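Welcome, and thanks for opening the viewer. Let's walk through this model together, one selection at a time.

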Amino acid sequence: MTVSRREARAGWLFLLPWVVGFLAFTAGPMLFSLWLSLTHYDMLKPPTFVGLENYREAMTDQRVGTALWNTVFYTALHVPAQIVLALALASLLRRAGRGGGFFRTVLYLPVMTPPVALAAMFLLLLNGQHGAINGFLGWFGFQGPNWTTDPAWIKPGLVVMSLWTVGSTAVLYLAALTRVPVERYEAARLDGASPWRQFWHVTLPGISGTVYFTAVVNTIASLQVFTEAYAMFFGARAKASAEGDAALFYVIHLFQEAFGSLRMGYASALAWGLFAVIAVITAVQVRLSRRYVHYEGDRS
Amino acid sequence: MRGLSGTSVLVTAALVLAGCGGLGSRSADALVTMGFGLPDEHATARVAVFREGNPDVDLRISEGAFDEQQFLSAVAAGDPPDLVYAERRKLGGYAARGAVQSLDGCLRAHGVDLGRFREAALRQVTYEDEVYGLPEFSSVRLMIVNNPVVRAAGLDPAALTTADWAAMGALADRLARVDGGRVERIGFDPKVPEFLPLWAKANGAELIGPDARLDDPRVVEAVRHTTDLVARQGGWASFKAFRDTFDQFGANNQYATGQLAAMPMDSWYVNTLATNSPDADVTITPFTDRDGRVLTESGGQAWAIPKGARHPEQACRFLVTMTDTETWVTAAKARRDALAEAGRPYGGTFTADRVADERIFREVFDPKGNPILERGVPVVLSLQDEAFALPPSPAASELVRAWEGAVNRVLVGQQSPEEAMAQAQREAERALKRVGGR
């Protein structure tokens, strides 16, 4: 047996637990949900086949339109904000010198906060009347909005909250920044490049692979946003009165249809709709990446 | 090789142990409940009564709030708990879908006299003439008025009424304090969308029933009236943001701090207020319809036996014991004694069992001179048998979501009351059609 075949075999062996888990716990349920999406199923009686009726209903469901719009709006705000802030923090961390380890830990610690606790904390921080965030804005003469009760500000408020976990992306950028060859900066400086031009022409191309990765991963995660928004606006009956439809994200609507109305077939169709949206957006990102993303081995 | 065997044994043991600890692998002999906790003597004393009478039963209380998703998934998987403790208004939907069992046989076998249960509570757990749950606690809705705030505005707290809708706007204006878009005091909180059934009923309309329509002009008028009240007190965004800052369950609650002048509220809050701010000067008075007649809505929980429960006979014994008059009285005494040890008054226990309440408030009630309880409890008791309750519906969850969503859209200015309720009616019709009738 050749070395490469032995390596391939070892590779598959190491992958085996994941492959088995994927087939049993991901691919299997996915196929089952595809079947369910063609049925009416309330969990208590056997499913009845209805063809594409659930998909047809989803196309005309007003709440699907609202939920999709909210989700895309949130994603369009969240992903760039997350990337820009994470990159800025990573750049600062890189210059932190001997204190770098400490600041890296501090930056990452919020990622460990349980999402529901985070939601509870930010309901207080973002309160429009007495919240700390508006108190902070008040020091600079700004009257902050009602982040948690004004439909126009609920999604921006959730984006502000999502930046609490920016540390995980920042750590990835920090690793990427350290891999950009120092000689490139030296050459740029010799050519008289300003810090901004160095960032634009050296740093950004050097970490474009990581930016691309984080953009794709964050986009997918944003399109599936659920926990924090659910805990803040839908979890308790008292809270369910606050949001109008401004915090109705796609997965929340899906969850309500599945477990509030016991419409597993319809919810499965919604899930496959989201899958299609994510696939299209990811395909666009992959296409764009050919033009803007550079890897170490690239000759272009 | 020996290392590999050792590892295999360890892994196998770990898997077996993990399996034993799973949700679906409880002991076949155990009687398991869902949605019920043991926060105070009302729960612990009654459970003790059952344990004493049934020493052979291995009762397992799975603490935590009722989780609809977990419950229905467990029923669907054929591995349900033996008993479920849920809001009464949800049971109709579960009964229609076959998720809970009829209790008629159980109640006959134990000779339970259904006549002692309050009519509204019992109606909520009766679906197509069969009883699917036994009602537990019972709350009603009433008005709580903050006397100092109302008097400071030159008004008489006792004269404050919800009958004259035309005058309520001016009343709210007078009592509220809004400064530059910032709410500093709510004058009158109509508590919508949660209390819409009460406001609709006050205007002569039902939200659930054979002839009920969410776009009924009387419902639309109730929505307009209540949302107008919010709009003139700073608007929903500021109003709600301010309300969210209330220390509702603490000593600095909205009555103690003067952040609120008046609102309709669930009766359990009388006890909360009496405990946390016994010196609060409040008037507790009935909510009224537009003709000035007393009106209140009943709510509460019930016990039910899920379809596929492993121990229906033991479960039946449990729910009969937990809702038995004697058991309630025992629990009330235990609660009173525990509070007395802490130097606190006992404001009574409001149940769906009329006979139990009569005994509790005759033999056990001990307000220790607390003025909120002394004035408020008689009002709550006088309302219990006057209450209406939302009737059971197979689509109860969807209907509530439809009308609450509609009121929310009006509150945030997205739709007019007519548009919102018309949309809610369409959503309700779709939901009812899906589940096959009202």
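Begin in chain B by selecting helix α4, where B:R88, B:R89, B:L91, B:G92, B:G93, B:Y94, B:A95 and B:R97 are all buried. This helix spans residues 88–97 and is mostly covered, with eight of its ten residues buried. Step just past the end of α4(B) and you reach B:G98, which takes a positive phi of about 80°. Keep in mind as you click that you are looking at a predicted model.

Stay in chain B and move to helix α13, residues 312–322. How many of its eleven residues are buried? Eight are, so the description "mostly covered" applies to α13(B) as well. To see them, select B:Q314, B:A315, B:C316, B:F318, B:L319, B:V320, B:T321 and B:M322.

**Where the chains meet**

Now show both chains and colour the contact between them. Chain B contributes 35 residues to this contact and chain A contributes 31. In chain B, the residues that lose the most area to chain A are B:R97, B:R182 and B:R401, which together make up 20% of what that side buries. You have already met B:R97, one of the buried residues of α4(B). Between them, chain B and chain A bury about 3,000 Å², and carbon and sulfur atoms account for 48% of that area.

**Chain A as a whole**

Hide chain B and take in chain A by itself. Chain A contains 14 helices and two strands. Along the principal axes, its C-alpha atoms fill a box of roughly 70 × 70 × 30 Å. Of its 300 residues, 42% are buried. Turn on a surface next: chain A exposes about 16,700 Å², with 69% of it supplied by carbon and sulfur atoms. Colouring by charge will pick out 22 positive and 15 negative side chains, and the centres of the two sets lie 8 Å apart. If you draw contacts with a separation of 6 or more in chain A, 67% of them join residues 24 or more positions apart.

**Annotated segments**

An unreviewed UniProt entry annotates several stretches of chain A as "transmembrane region", including residues 72–93, 105–126, 157–178 and 199–221. Residues 12–36 and 264–284 also carry that annotation, and they make good stops. Select residues 12–36 of chain A: the stretch is 100% helix, and its end C-alpha atoms are 32 Å apart. Then select residues 264–284 of chain A, again 100% helix and 0% strand, with 30 Å between the end C-alpha atoms.

**Two residues to zoom in on**

Go to A:L85, which sits in helix α3 of chain A, residues 62–94. Is A:L85 buried or partly exposed? Its relative accessibility is 33%, so A:L85 counts as partly exposed. Beyond its neighbours within four places in sequence, A:L85 is in contact with A:L163 and A:V166. For a distance to draw, try A:L85 to A:R98: these residues are 13 apart along the chain, and their C-alpha atoms are separated by 22 Å.

Finish at A:N134, found in helix α6 of chain A, residues 132–139. Why does A:N134 count as buried? Because its relative accessible area is 9%, and buried means under 20%. Show its surroundings: setting aside neighbours within four places in sequence, A:N134 is in contact with A:N127, A:G128, A:G144, A:P145 and A:W147.

Terms used:
Residues numbered from 1 in each chain as written. Chains lettered and ligands numbered in written order. Heavy atoms only, no water. Helix = DSSP H or I, 4+ residues; strand = E, 2+ residues; numbered from the N terminus. Buried < 20%, exposed > 50% of the residue type's maximum accessible area, 1.4 Å probe, protein only. Contact = heavy atoms within 4.5 Å. Areas by Shrake-Rupley, 256 points an atom, 1.4 Å probe, with all protein chains shown as cover. Lys, Arg positive; Asp, Glu negative; His and termini not counted. Charge placed at Lys NZ, Arg CZ, Asp CG, Glu CD. UniProt positions renumbered as here; feature names shortened; annotations may be inferred. Buried area = accessible area lost by both parts, 1.4 Å probe.
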